[in-house]
Amino acid sequence: MEMQMKSFHIESTLIADAEPSYIIAEIGINHNGSLEHALRLIDTAHEAGCNAVKFQKRTLDVVYSAEEMARPRDSLFGHTNGDLKRGLEFGINEYRRIDEYCRELGIHWFASCWDEDSVDFIEQFNPVAYKIASASLTDDGLLRHTRATGKPIILSTGMSTLEQIDHAVEVLGTDKLAIMHCCAAYPSKYEDLNLRVIPTLRARYGVPTGYSGHETGLASSVAAVALGACLLERHITTDRALWGSDQSASLEPSGLNRLVRDVRLVESALGSDQKRLLDCEVPVQQKLRRK
């Protein structure tokens with residue numbers, strides 16, 4: 001007998017099978033440290049019809065060692081890895097404006113928090129949900145701390161084995177949980193996407209299952225929805241040629257608009273699983289059938 005699928009709400013939006021896919025525009029660090037740029041990306045997501053935008057939050061001296069921060073690395077911000085990480089990290093003033101702006105527009109926002117202090121920081125804004133990044137799936141302390149907020153959790157599963165996902169789900173529980181299939185390569189090759197894992201995860205865990213894509217095109221993300229993805233996440237940018245490690249695996253505004261359009265068309269086309277004579281077919285039947 002098929003497992004009974006769980007469902008939950010992100011605010012008033014139902015996350016469940018046969019509901020419109022919850023589309024997340026991942027801004028991440030593609031703002032390149034500019035609040036103005038971040039607000040433009042929020043506009044891009046809102047105008048395309050996305051449900052939410054997502055950011056990333058780190059407490060730098062917790063996530064990175066002093067040696068890692070001192071490692072040489074040229075960037076827009078200086079010549080060490082620490083210069084880069086500090087340049088990309090938004091603080092309280094930036095997130096206050098992001099929260100205010102998203103509420104004005106009526107678009108959800110939340111973040112992937114990479115450490116417990118970052119969860120506490122984001123929690124002051126009462127986000128609608130939390131994302132667990134693929135890199136954090138094995139961090140039991142972070143999983144428990146995030147679950148303690150009581151908010152819905154979206155768990156990304158890139159770079160993970162089924163056994164590791166099993167353990168993370170055991171830690172988190174299945175209430176208000178969604179699981180995202182993901183290939184954690186930037187950009188991902190089409191032959192590595194393995195979209196058939198989406199129904200595998202759905203059947204294994206009995207929770208809403210989605211797809212977080214890092215490929216360069218659109219077709220595979222639309223196919224993920226046809227395979228049952230209840231949530232869909234793609235990185236966005238204003239220009240894929242911009243500086244930054246995630247830009248090339250992101251969608252520009254025109255691509256995001258086409259993606260949302262095509263996803264909604266496919267959802268409409270999926271329709272019912274019951275085969276029947278349609279009203280629109282009756283005149284054609286009467287005209288063309290001999291018997």
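This is a short tutorial dialogue on reading a predicted protein model.

Q: Which helices and strands should I look for, and how many are there?

A: Welcome! Start with the secondary structure: the protein has twelve helices and twelve strands. Keep in mind as you look that the model is predicted.

Q: How does the radius of gyration compare with that of a compact globule?

A: The general idea is to set the value of the chain beside the one expected for a globule of its length. With 291 residues, a compact globule would come out near 19 Å, and the protein has 20 Å, so the two agree. Along its principal axes, the C-alpha trace spans about 80 × 40 × 40 Å.

Q: What share of the residues is buried?

A: A residue counts as buried when its relative accessible area is under 20%. In the protein, 48% of the 291 residues meet that mark. As for the accessible surface, it comes to about 14100 Å², and carbon and sulfur atoms hold 50% of that area.

Q: What part of the contacts joins residues 24 or more positions apart?

A: Among contacts with a separation of 6 or more, residues 24 or more positions apart account for 65%.

Q: How many positive and negative side chains are there?

A: There are 32 positive and 41 negative side chains. The centres of these two sets lie 9 Å apart.

Q: How many disulfides are there, and why?

A: A disulfide needs two cysteine sulfur atoms within 2.5 Å. Here the count is zero. Take cysteine 50: its closest cysteine sulfur, in cysteine 102, is 12 Å away, so a bond is out of reach. For cysteine 113 the closest is also in cysteine 102, at 15 Å, again too far for a bond. Cysteine 50 is buried at 8% relative accessible area, and cysteine 113 is buried at 3%.

Q: Is helix 4 largely enclosed or open, and why?

A: To judge a helix, look at its buried residues. Six of the eight residues of helix 4 (residues 81-88) are buried, so the rest of the structure largely encloses it. Those buried residues are Asn81, Gly82, Leu84, Lys85, Gly87 and Leu88. Their cover includes helix 2 (60-63), helix 3 (66-70), strand 5 (72-75) and strand 6 (78-80).

Q: Where does histidine 235 lie, and is it buried or exposed?

A: Histidine 235 belongs to strand 12 (residues 231-235). With a relative accessible area of 3%, histidine 235 is buried. Beyond its neighbours within four places in sequence, histidine 235 has contacts that include Glu26, Asn30, Tyr186, His214 and Asp246.

How values were computed:
Residues numbered from 1 in each chain as written. Predicted model: local features only at pLDDT ≥ 70, side-chain atom pairs only at ≥ 80, totals over all residues. Heavy atoms only, no water. Helix = DSSP H or I, 4+ residues; strand = E, 2+ residues; numbered from the N terminus. Rg over C-alpha atoms; globule rule 2.2 N^0.38 Å. Buried < 20%, exposed > 50% of the residue type's maximum accessible area, 1.4 Å probe, protein only. Contact = heavy atoms within 4.5 Å. Areas by Shrake-Rupley, 256 points an atom, 1.4 Å probe, with all protein chains shown as cover. Lys, Arg positive; Asp, Glu negative; His and termini not counted. Charge placed at Lys NZ, Arg CZ, Asp CG, Glu CD.
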